[in-house]
Amino acid sequence: MTWHVAEEDLRAYARGELAPPSLWSADTHLTACAQCRARLAGVTEPAVLDAGWERLDAELDAPRPGPFERVLLRLGVADHTARLLTATPILRRSWLLAVLSLLVMTVLVVRVADTPGLFLALAPLLPLAGVALSFGPSLDPTFEMAVVAPLHGFRLLMIRTVAVLTTGLVCNGLATLALPGYGLSALAWLLPALALTATGLALSARLGPALAPALVGGGWLTLLLVATAQADGHTPVPFTAAGQSTAAGLAALATVLLVHSRDRFDTGRAGHFAGGDLP
């Protein structure tokens, strides 16, 4: 090889100032010429070289966004918000598969035994459980990332709640379609689901993200047991028109209380939700 990159071109190359087509020629030549690579190392400033390695390390270590995160970014969602959403535990494939499997088995039991009450009892609990798993140090493995996120605690909670609630309602809705014989009565889980989720969130401000949903879920099951025992073969009260109206009113009241206590969730990220006490 008789031709080598000129000294001036090497220095411009090291500074990132060499323009095409000289840049293309230098790139091609440097890949095959050890002598010019050694000369390039001699004219490159150590600070510039260190900065280049740091940029390369940062690029290699940067997490690659998944398909869902890329969709959110294309829709204009901020990158930190998209990352927090995709890190939500119940939006992961394992949780979704578990929920879908549970719903499929429940639907099969309902169709075989002709007992829609089992599905109506279970469906409202899934969104409640999903929201509970999405916020709080004892349940959310990404809680530390959420603590340092540039978001108000209440806003973070609402972002994840909307995502979780939407996913849960879609899964329950798909299961409802598999029960066409029950008509609109198969949708009697919807208002209780909203009421349980809103009540669980409102109580979480004082009781914490684990105890509040547990109490709400236990109260729901207890109510169903009592209502079923008193129904004497008729529709249990929670799924009647009166029960549905009560669930709608409870959901509205819990939402108002939740908004009223929104500041507690920001304090809670470092206090109650981390095991301390709220002021």
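Trainee: Where is proline 21 found?
Mentor: This is a predicted model. Look at the chain between two helices, H1 (7–15) and H2 (22–30). Proline 21 is found in the loop between helix H1 and helix H2.

Trainee: Is the peptide bond from proline 20 to proline 21 cis or trans?
Mentor: Check the omega angle of that bond. Omega is near 0°. The peptide bond from proline 20 to proline 21 is cis.

Trainee: What phi does glycine 16 take?
Mentor: Glycine 16 comes just after H1. Its phi is positive. The value is about 75°.

Trainee: Which residues in H1 are buried?
Mentor: Buried means under 20% relative accessible area. In H1, that label goes to Leu10, Ala12 and Ala14.

Trainee: How many helices and strands are there in the protein?
Mentor: Start with the strands: there are zero. Then the helices: the protein has 15.

Trainee: What share of the residues in the protein is buried?
Mentor: The protein has 279 residues. Of these, the buried ones make up 39%.

Trainee: Among contacts between residues at least 6 apart in sequence, what share joins residues at least 24 apart?
Mentor: Set aside pairs that are not at least 6 apart in sequence. Among the contacts that remain, pairs at least 24 apart account for 69%.

Trainee: Why is helix H9 largely enclosed by the rest of the structure?
Mentor: H9 covers residues 125–132, eight in total. Among its buried residues are Leu125, Leu126 and Pro127. Others on that list include Leu128, Gly130, Val131 and Ala132. H9 is largely enclosed because the buried residues number seven of the eight.

Trainee: Is threonine 197 buried or exposed?
Mentor: Threonine 197 lies in helix H12. Its relative accessible area is 3%. The cut-off for buried is under 20%, so threonine 197 is buried.

Trainee: Which residues is threonine 197 in contact with, leaving aside its neighbours within four places in sequence?
Mentor: Two of the buried residues in H9 are Pro127 and Leu128, and Val131 is another. Threonine 197 touches these three and one further residue. The full set is Pro127, Leu128, Val131 and Leu165.

Trainee: At what angle do the axes of H12 and H13 cross?
Mentor: The two axes come within 7 Å. The crossing is right-handed. The angle is roughly 140°.

Trainee: How do the residues of the contact of H12 with H13 divide?
Mentor: From H12, the contact includes Leu196, Gly200 and Leu203. From H13, it includes Leu211, Val216 and Trp220. The residues divide into ten nonpolar, three polar and no charged.

Trainee: How does leucine 221 count in terms of relative accessibility?
Mentor: Leucine 221 is found in helix H13. Its relative accessibility is 41%. Partly exposed runs between 20% and 50%, so leucine 221 counts as partly exposed.

Trainee: What separates the C-alpha atoms of leucine 221 and leucine 122?
Mentor: Along the chain, these leucines are 99 residues apart. In space, their C-alpha atoms are separated by 9.1 Å.

Trainee: Which element gives the most to the lining of the largest pocket?
Mentor: The largest pocket holds about 280 Å³ of space. Its lining has 15 residues, and among the closest to the centre are Trp220 and Leu250. H12, H13 and H14 each give two or more residues. With five residues, the one that gives the most is H14.

Key. Residues are numbered from 1 along each chain as its sequence is written. This is a predicted model: local features need pLDDT of at least 70, side-chain atom pairs count only at pLDDT 80 or more; totals for chains, interfaces and linings use all residues. Side-chain values use heavy atoms; hydrogens and water are left out. On a 1 Å grid over the protein atoms alone, a cavity is a set of points where a 1.4 Å probe fits but cannot get out, and a pocket is an open set with protein on both sides within 12 Å along at least five of seven lines; lining residues have an atom within 4 Å of a point. Grid points are joined across faces, edges and corners, and a volume is the space filled by probe spheres set on the points. Helices (H or I, at least four residues) and strands (E, at least two) are DSSP runs, numbered from the N terminus. Buried means under 20% relative accessible area, exposed over 50%, partly exposed in between (1.4 Å probe, protein chains only). Contact means heavy atoms within 4.5 Å. Axes are lines fitted to C-alpha atoms, for helices over the stretch in contact, and angles run from 0 to 180 degrees between N-to-C directions. A crossing is left-handed if the near helix is turned anticlockwise from the far one by less than a right angle, and right-handed if clockwise. Ala, Val, Leu, Ile, Met, Phe, Trp, Tyr, Cys and Pro count as nonpolar, Asp, Glu, Lys and Arg as charged, and the others, Gly among them, as polar.
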